[in-house]
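Me: Before I rely on any label attached to this model, I would like to go through the terms one by one and see which value stands behind each.

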Amino acid sequence: MKKIIELKNITKSFDGEVVLDNISLDIYDNEFITLLGPSGCGKTTTLRIIGGFETPDSGDVIFMGEDIKDVPPYKRNVNTVFQRYALFPHLNVFENVAFSLREKKVPKDEIKRKVTEMLTLVALKGFEKRSVTSLSGGQQQRVAIARALVNQPKVLLLDEPLAALDLKLRKDMQVELKNIQKATGITFVFVTHDQEEALSMSDTVVVMSEGRIQQIGTPVDIYNEPTNAFVADFIGESNILDGVMLEDRKVSFAGQVFECVDEGFDRREPVDVVVRPEDVDIVPADRGMLKGVVTSVTFLGVHYEIIVDIDGFKWMIQTTDFWDVDETIGLVIEPDAIHVMKKSEYSGMFGDYSTFSDEMEEIGEVEIEELAEIEERGGNRTESGKTDE
Amino acid sequence: MNKKTSSLVQRLTLTPYSVWAVLFIVVPLVFVAYYAFTDSSFAFTTDNITRFFTATSVVDDGETVREVHTYLVIFMRSLKLAVISTVICLLMGYPLAYIMARAPEKTQKILLTLIMIPMWMNFLIRTYAWMTILQDKGILNGFLTALHLRPVHVIGTESAVIIGMVYDYFPYMVLPIYSVMAKLDVRLLEAASDLGCPGPSVLRRVIWPLSIPGVLSGVTMVLVPSISTFYISQKLGNGKFFLIGDAIEGQYVANNLHFAAAIAFILMVILLVCMALMQKLANRKLIVA
Ligand SMILES: Nc1ncnc2c1ncn2[C@@H]1O[C@H](COP(=O)(O)OP(=O)(O)OP(=O)(O)O)[C@@H](O)[C@H]1O
Ligand SMILES: [Mg+2]
């Protein structure tokens with residue numbers, strides 16, 4: 001695959017506050033890449049640097065092998081779909097889409113042909129004469145996409161293009177956008193803070209937090225192999241527990257020793273352990289590796305989401321079977337359901353039910369003998385990701 | 001019930017405004033129209049109106065002696081000076097408004113205050129100030145002489161009248177354009193740039209069409225008062241440029257209230273028609289552009 005954009009060690013601050021901290025990112029041809037992260041983590045700023053609306057304090061922006069740091073936006077072969085569209089209110093739908101072609105003095109009949117082609121692509125044929133202010137949010141969105149695509153840019157930048165749409169329309173547009181991307185073969189750099197959207201649409205997901213890239217990978221990698229507690233927390237629902245790696249493929253958490261598939265940690269290395277709520281099997285209490293009491297049950301249509309209290313710590317578990325509050329159940333966790341991560345600055349930051357994280361933060365100083373005690377007591381917390389943002 | 005009270009409250013709060021509007025806007029207009037179409041015994045007549053279009057006088061400019069339509073000539077002269085002043089205000093005001101709207105907030109406030117300060121001064125005083133500046137032995141020429149440049153003769157020329165008008169009405173051009181520009185969404189400008197427009201193109205294709213409403217109200221607010229201005233021409237033009245405002249004033253002072261009202265009425269109708277046409281033109285332009 002061909003690299004189309006390379007960001008190299010980009011740093012940017014506003015008013016002395018670092019917004020992007022040494023960002024490096026390769027974007028490949030024909031790729032649907034998504035920048036995902038909580039509000040204020042620097043997604044828009046990254047996009048604006050690619051678009052040419054901001055200049056990085058340091059670092060390079062390479063576009064098809066050329067440094068374009070000092071190239072103004074109007075000379076870049078990159079177009080943007082702005083958040084809230086930024087359509088020209090004084091122009092009708094046709095003229096909005098034709099805007100860049102008129103600037104390039106494209107012949108009239110070719111403009112007509114191209115605009116019509118684009119409006120067909122976004123299913124807005126017949127809307128040519130309409131004023132853009134009279135369109136619905138979804139229609140305006142599609143005009144914005146057509147306007148940005150008509151120029152056949154190498155790269156299309158989309159800043160939370162679906163954020164203002166209602167859920168149903170958003171789902172439809174997700175599919176439509178993905179189809180457009182496949183049909184045109186244009187590289188899409190997509191910004192969102194909706195993790196579901198990111199996972200379902202992207203070839204590559206870039207998880208950002210506080211101006212730094214936390215992880216780059218395919219949606220499956222990001223979900224199954226989060227690199228740290230932040231990513232595990234941000235993507236999907238996670239039970240994140242403090243644990244200790246006893247040896248390769250053997251980890252201890254929640255007061256028990258579990259088989260796992262992870263290797264390459266130091267002996268007795270403190271780690272974060274992720275167990276996804278859907279990966280836990282529920283069995284009768286006497287047959288479980290762990291035993292706990294159901295404290296709440298929520299019916300979510302496809303499955304139940306239950307909170308289970310294990311030695312005073314609460315796990316979230318998803319199950320299709322009904323378990324009533326106050327029932328005692330057993331849990332079985334298969335080796336491949338356990339994901340072990342290195343400790344990071346985010347360790348212990350997530351989960352409302354953590355009491356052990358404070359102790360675990362000082363694990364470095366804890367003697368080996370004491371570790372055994374901690375293992376015995378176990379440490380866990382339940383974490384629900386921010387799905388609805 | 002809630003709705004009812006709120007609409008009642010609304011009506012109550014609007015009442016003072018309505019009373020004010022009727023008292024100070026509608027009533028005077030009715031009086032102007034009434035006087036324009038009546039004679040001194042308040043009987044209906046269109047004589048006053050006809051007089052405006054038909055009255056003639058003899059002009060002797062030393063070489064030829066001509067008979068001209070007195071008031072039409074005066075009107076055209078007023079229109080010419082007003083249009084020139086308006087154009088100058090626009091040419092100076094538009095870039096200033098643009099720069100202001102893009103400046104840091106603090107600079108914006110300072111510039112706004114600077115533009116408005118002259119408006120706090122009495123208009124007569126401002127005009128007198130310009131007299132002392134532009135006189136043959138005034139400040140301007142003193143300055144030029146000090147720099148060993150040739151003094152200029154400005155007072156009593158059309159230029160002096162235009163300078164006075166531009167100075168007086170400039171804020172009325174800048175402020176409406178500025179307020180439209182300040183509200184302009186920067187992302188539209190970024191979008192234009194993103195779609196391949198260099199700076200001048202962004203100005204021509206996005207900023208200008210979107211600022212037309214501001215330009216229109218600026219033009220209206222300068223053109224209307226400058227076409228009907230008096231006094232400036234008397235003081236800075238040494239009375240050589242008799243304008244329609246001076247004509248109204250003259251008739252009024254001479255106690256020809258009915259004819260003064262007729263001139264005012266005709267002027268008003270002409271201005272209204274002009275404004276309506278301009279608005280229409282702009283509307284069409286806004287959609288096509
Ligand atoms: N022009 C600017 N001047 C000052 N600070 C800015 C500017 N632009 C962005 N910032 C700051 O930089 C940080 C990152 O902003 P950015 O818009 O990139 O975040 P984001 O990830 O896009 O967030 P969101 O999801 O809310 O859009 C924020 O703290 C923001 O306040
Ligand atoms: Mg943003």
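Me: What share of the 289 residues of chain B counts as buried, and what makes a residue count in that way?

Reply: In this predicted model, 38% of the 289 residues of chain B count as buried, and a residue enters that share because its relative accessible area is under 20%. For chain A, 56% of the 389 residues count as buried.

Me: What do the accessible surfaces consist of in chain A and in chain B?

Reply: The accessible surface of chain B comes to about 16,600 Å², and carbon and sulfur atoms hold 71% of that area. For chain A the surface is about 17,100 Å², with 47% belonging to carbon and sulfur atoms.

Me: How do you know which elements chain B is built from, and in what pattern do they follow one another?

Reply: The assignment gives 12 helices and 2 strands in chain B, and along the sequence they read α-α-β-β-α-α-α-α-α-α-α-α-α-α. The C-alpha trace of chain B spans about 75 × 65 × 35 Å along its principal axes. Chain A, by the corresponding count, has 10 helices and 21 strands.

Me: What share of the contacts in chain B joins residues at least 24 apart, counting those between residues at least 6 apart in sequence?

Reply: In chain B that share is 64%, while in chain A residues 24 or more positions apart account for 68% of the contacts with a separation of 6 or more.

Me: Where do the domains of chain A begin and end, according to the assignment?

Reply: Domain 1 of chain A covers 3-224 and domain 2 covers 237-363, and their C-alpha centres lie 39 Å apart. The contact takes 7 residues from domain 1 and 5 residues from domain 2. About 470 Å² is buried between domain 1 and domain 2 of chain A, with carbon and sulfur atoms giving 25% of that area.

Me: Why is the pair A:Arg212 and A:Glu345 called a salt bridge?

Reply: The side chains of A:Arg212 and A:Glu345 meet at 3.3 Å, N to O, and the name applies because the rule asks for a side-chain nitrogen of Lys or Arg within 4 Å of a carboxyl oxygen of Asp or Glu. Across the interface of domain 1 and domain 2 of chain A the rule finds 1 salt bridge, along with 6 residue pairs in polar contact. On the side of domain 1 that touches domain 2, strand 10 (212-217) and helix 7 (219-224) each supply at least two residues, and helix 7 gives the largest share, 3 residues.

Me: Why is A:Tyr85 called buried or exposed?

Reply: A:Tyr85 has a relative accessible area of 7%, and it is therefore called buried, the limit being under 20%. A:Tyr85 sits in the loop between strand 6 (78-81) and helix 2 (93-103) of chain A.

Me: What makes the phi of A:Tyr85 worth a remark?

Reply: Most residues other than glycine have a negative phi. A:Tyr85 is not a glycine, yet its phi is positive, about 70 degrees. A:Glu210 is likewise not a glycine and has a positive phi of about 50 degrees.

Me: How do you know which accessibility class A:Glu210 belongs to?

Reply: The relative accessible area of A:Glu210 is 48%, and because buried means under 20% and exposed over 50%, A:Glu210 falls in between and is called partly exposed. Its place is in the loop between strand 9 (204-209) and strand 10 of chain A.

Note on methods:
Residues numbered from 1 in each chain as written. Chains lettered and ligands numbered in written order. Predicted model: local features only at pLDDT ≥ 70, side-chain atom pairs only at ≥ 80, totals over all residues. Heavy atoms only, no water. Helix = DSSP H or I, 4+ residues; strand = E, 2+ residues; numbered from the N terminus. Buried < 20%, exposed > 50% of the residue type's maximum accessible area, 1.4 Å probe, protein only. Contact = heavy atoms within 4.5 Å. Areas by Shrake-Rupley, 256 points an atom, 1.4 Å probe, with all protein chains shown as cover. Domains from an automatic or database assignment. Buried area = accessible area lost by both parts, 1.4 Å probe. Polar contact = N/O pair within 3.5 Å; in protein donor to acceptor, adjacent residues only side chain to side chain.
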